[in-house]
Amino acid sequence: MRDFSTYYNTKSYYITGMMDVNAYLARIGYDGGIEPTLGNLKALMRAQLLSVPFENLDIYRNIPIYMDPTAQFEKIVRRKRGGFCYELNSLFYQLLDKLGYETEMASARSYNYERNTFGPEYDHMVVMVLVNRLLYLVDVGWGECAFGPLELDFDVNLEDENGQYRMKLGELDDIILCKVQNYTAKPLYIFTQTPRKLKEFEQMCKYHQTHPNSRFKQGRMAMMPTINGKKSLVGNTFMITYGKGEIEVEIETEEEVSQLLKKEFGIDLRYS
């Protein structure tokens, strides 16, 4: 394991935009403590996930997304939008940094079940946070994330409000994050603890917006967890799951899609 703390004094990523903490906390409806503790980190993550949707609507509308902290803040906080991993985790990183957490961005590679392999470097962005000398994985940009930070504790089930997870050691200091389902640990992505710069994600961010094979180019999507389930819009299909129950509705018109996005996800595309 690398000594994560050695990176904190020479941070590899600098914030070019301004982080208005009060505006961010208001955006996610958070009124709890802001000291850099594990309890507050858990509460901040939960508030973020229940307030900010994972969505690709700009990609669907061919509106470019840039690795720009100021643009991320304007879109997600000021215009009350969501985004995908490069936006959501980058912006959450900025918040944690401003609040005094010891944190770095890291690269992850999503698992492709059809090809039985992991994607390229920078395929996904995650955040690493050091609290009380323990290292945690923080991810608010996966779509179906853990509700709280996951400690880098290996080959044991990590309990989370959203289920069970497990960390496995890969090769060359790689770490595989798995979701435990039906007693089987299914890989989600592989990541390293190596700190990364924001600009290092630019090429893959562009790929996911433009390449026809990108999963984000297959149609519009918006999703958010709820207290006891999740809600998602994929194409024109709106689905709500709650416990073991499920409701699925086909949305017929674009006007109805716009109304649903505003009601269920707080997204008003007329102003975005």
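Which residues of H8 are buried? In this predicted model, they are Val257, Leu260, Leu261, Glu264 and Phe265. Their directions cover an arc of only 105° around the axis, which puts these residues on the same side of H8. An α-helix has 3.6 residues a turn, so residues three or four places apart point the same way. The other side of H8 carries Glu255 and Lys263, and both are exposed.

The helix itself runs from residue 254 to residue 265. It has 12 residues. From first C-alpha to last, H8 reaches 16 Å, close to the 16 Å expected at 1.5 Å a residue. Gly266 follows H8, with a positive phi near 70°.

What do the buried residues of H8 pack against? One partner is helix H4, residues 57–60. The others are three strands: S11 (221–226), S12 (229–234) and S13 (237–242). H8 lies across S11, S12 and S13, and it runs at about 155° to S12.

Those strands belong to an open sheet of 5 strands. Its order is S1-S11-S12-S13-S14, and the pairing is antiparallel. The edge strands are S1 (54–55) and S14 (245–250), each of which pairs on one side only. Inside the sheet, S12 and S13 are joined in the antiparallel sense over 6 bridges. One residue pair can be picked out here: Ser232 has Met239, in S13, as its bridge partner.

A second antiparallel pair is S7 with S8. Strand S7 covers residues 157–160, and strand S8 covers residues 163–169. The two form a hairpin with 2 residues between them. They are joined by 4 bridges. Where do the side chains of S7 point? They alternate along the strand. Leu158 and Asp160 point to one face and are buried. Asn157 and Glu159 point to the other face and are not buried. Leu158 also takes part in the bridging, with Tyr165 of S8 as its partner.

Next come the loops. Most residues other than glycine have a negative phi, and most peptide bonds are trans. Tyr122 is not a glycine, yet its phi is positive, about 70°. Arg133 is not a glycine either, and its phi is also positive, about 70°. Tyr122 is found in the loop between strand S3 (117–118) and strand S4 (124–131). Arg133 is in the loop between S4 and strand S5 (134–138). Is each of them buried or exposed? Tyr122 has a relative accessible area of 16%, so it is buried, the cut-off being under 20%. Arg133 is exposed, with a relative accessible area of 80%.

Another tyrosine, Tyr66, sits in the loop between H4 and helix H5 (69–78). Tyr66 has a relative accessibility of 57% and therefore counts as exposed, since the cut-off is over 50%. How far apart are Tyr66 and Glu202 in space, C-alpha to C-alpha? The distance is 7.5 Å, although the two are 136 residues apart in sequence.

The loop between helix H7 (202–210) and S11 holds Ser214. This serine is buried, with a relative accessible area of 1%. Which residues is Ser214 in contact with, leaving aside its neighbours within four places in sequence? They are Tyr207 and His208.

The cysteines remain. How many disulfides does the structure hold? The number is 0. Cys145 is in no disulfide, and the nearest cysteine sulfur, that of Cys85, is 9.8 Å away. For two cysteine sulfur atoms to count as a disulfide they must be within 2.5 Å. Cys145 is buried, with a relative accessible area of 9%. Cys205 is likewise in no disulfide. The nearest cysteine sulfur to Cys205 is again that of Cys85, at 7.8 Å. Cys205 is buried too, with a relative accessible area of 1%.

Terms used: Residues numbered from 1 in each chain as written. Heavy atoms only, no water. Expected span 1.5 Å × (residues − 1). Buried < 20%, exposed > 50% of the residue type's maximum accessible area, 1.4 Å probe, protein only. Arc of directions from axis to C-beta. Contact = heavy atoms within 4.5 Å. Pairing = 2+ DSSP bridges. Axes fitted to C-alpha atoms, helices over the stretch in contact; angles between N-to-C directions.
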